[in-house]
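Reader: Please take a close look at the charged side chains and how they are paired, and work outward from there. I would like one connected account with the distances and accessibilities included.

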Amino acid sequence: MKKQNNGSRPLVSILMLCGFLTIVVTGIMSYSFRYNQLLSAVHTVFGLLFVFYGIFHLRNNLRPLGSYLKKNEMRKWVWSSVLIIPVVIISLGLGVPPAQWLIDAGYALKELRPIDRQRSSTIYTKLTQTGQKLSIDIKAGEHYSGPGAVIMGVTTTAVPQMAMWVESFEGEYLETLYVTKKASDSSYIGSIFGGEEVRRPEALPHWSHSRGVVSEDGLLMPSSAQPLADALTGATPLTSFDLRTVTSAKLERIVVKLEINRSFDFNDFYHEKAYPDDPIYSGSGNSAQPSLIYSVAIDLSSKQPYYFLSLVGRGHHSGRDGDIHTDLSGISTAKQMIARAIVEVM
């Protein structure tokens, strides 16, 4: 048995080395690039194999390891290494530097990558709630993404923030179906080195005013201190997507709305110096063309399965009010953020 273990040690060591190199490479790629299912699967599988080989390797080396730990100097190193784990976890949980700087830098690197509008994904919200199932299919348009912030001399890719919600026929806000993550907790990246929380009241003003929840700073958009529930949020889809959700509204006739907005989408009318005296438009939100609002009336008692969301107006350029402004004369590329939006009553 002893000879068999000795013979297997080189093989286990080689397998551990291969596994270690694989999870290092896939870890760096996961940190730098947007989510990829195959990459995530490879990283997970080789991570589990590395743990398995590590246990086998540890079993064959318990005696020398025990002798190492008996040395006072070695004990200090072991305890120091163990204490690093809770310190890192707490730092990440609290979002304090330098841990948060590393997270922000990873997001910044991901935003440098181009968007593939030909792909599609599925998002699920309100999974535990009962009610009428809805599917909202969003087809990404030509200007769904575009040039964003410049970080370390490199132009990032900006994708839109959006919200979908339900109202009564009389215009009463009933419930939110989905909000992109950054809009749900103001987790916009102001800098890869952290900094103050970025607030964007101009991002989705019609939704935020309709919802009517005031944050601690007096603004109606959610903040990090008062975020939206995770069951309603998700990262901005990088492609066309299908939202699978549920409305618990106890009405036969409802209105489904979509509000969408992309920073840095400037044009000749909504440019950087369009409103120099407006502290919000000219502030850190990098406002451009205002949000666009889509709406459709749905009769849940009918047998009609499909409804097209129509463009009905825009939000205020700096979020000063929650009205639907029907004047779209200054809007250009923002109309092409989505090619179409369809609600299916399932």
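**Charged side chains and their surroundings**

Author: D217 counts as partly exposed, because its relative accessibility is 39% and this class lies between under 20% for buried and over 50% for exposed. The model is a predicted one. The side chain of D217 meets that of R199 in a salt bridge, with 2.7 Å from N to O. D217 sits in the loop between α7 (205–211) and β7 (233–234), while R199 sits in the loop between α6 (181–185) and α7, so the pair ties together parts that are 18 residues apart in sequence. R199 has a relative accessibility of 15% and therefore counts as buried. This pair thus joins a partly exposed acid to a buried base.

The count of salt bridges comes to 10. Another one is formed by R262 and D265, whose closest N and O atoms are 3.4 Å apart. R262 is buried, with a relative accessible area of 3%. D265 is buried as well, at 7% relative accessibility.

A further salt bridge joins the side chains of D278 and R320, at 3.3 Å from N to O. D278 belongs to the loop between β9 (253–261) and β10 (292–299), and R320 to the loop between β12 (310–314) and β13, so this pair ties together parts that are 42 residues apart in sequence. In accessibility the two ends fall into opposite classes: D278 is buried, with a relative accessible area of 7%, whereas R320 is exposed, at 61%. Beyond these pairs, K181, D185 and D230 are joined into one network by salt bridges that share partners.

An acid without such a partner is also worth a look. E259, which lies in strand β9, is buried and yet has no salt bridge. K257 is the nearest side chain of opposite charge, and it is 8.8 Å away; a salt bridge would need a Lys or Arg side-chain nitrogen within 4 Å of a carboxyl oxygen, so K257 does not supply one. Polar partners are nevertheless present. The backbone nitrogen of H206 is 3.2 Å from a polar atom of the E259 side chain. The side chain of S291 makes a polar contact with the side chain of E259 at 2.6 Å. Leaving aside residues up to four places away in sequence, E259 touches Q161, M162, A163, W165, L204, P205, H206, W207, S291, L292, I293 and G315. Both polar partners, H206 and S291, appear in that list.

Two residues in the list lead on to T180. Q161 and M162 touch E259, and both also touch T180. T180 is part of strand β6 (residues 173–180) and is buried, with a relative accessible area of 0%. The C-alpha atoms of T180 and M162 are 5.7 Å apart in space, although 18 residues separate the two in sequence. With residues up to four places away in sequence left out, the contacts of T180 are P160, Q161, M162, G234, T236 and P237.

The backbone deserves a check in the loops as well. The loop between β9 and β10 holds D278 and also F264. F264 has a positive phi of about 70° although it is not a glycine, and at a relative accessible area of 24% it is partly exposed. K126 is another non-glycine residue with positive phi, near 55°. K126 is in the loop between β1 and β2 and is buried, with a relative accessible area of 3%.

The two strands flanking K126 belong to a wider arrangement. β1 and β2 are members of an open sheet of 5 strands with mixed pairing, in the order β1-β8-β2-β13-β11. β1 (120–124) and β11 (306–308) stand at the edges with a single partner strand each, so one side of each is left without a neighbour in the sheet. On average, and with direction ignored, neighbouring strands of this sheet are turned by 20° against each other. Strand β2 (residues 132–140) pairs with strand β13 (residues 338–345) in the antiparallel sense, over 7 bridges. Within that pairing, L134 has V345 of β13 as its bridge partner. β13 also bounds the loop that holds R320, which brings the account back to the salt bridge between D278 and R320.

Notes:
Residues numbered from 1 in each chain as written. Predicted model: local features only at pLDDT ≥ 70, side-chain atom pairs only at ≥ 80, totals over all residues. Heavy atoms only, no water. Pairing = 2+ DSSP bridges. Helix = DSSP H or I, 4+ residues; strand = E, 2+ residues; numbered from the N terminus. Axes fitted to C-alpha atoms, helices over the stretch in contact; angles between N-to-C directions. Buried < 20%, exposed > 50% of the residue type's maximum accessible area, 1.4 Å probe, protein only. Contact = heavy atoms within 4.5 Å. Lys, Arg positive; Asp, Glu negative; His and termini not counted. Polar contact = N/O pair within 3.5 Å; in protein donor to acceptor, adjacent residues only side chain to side chain.
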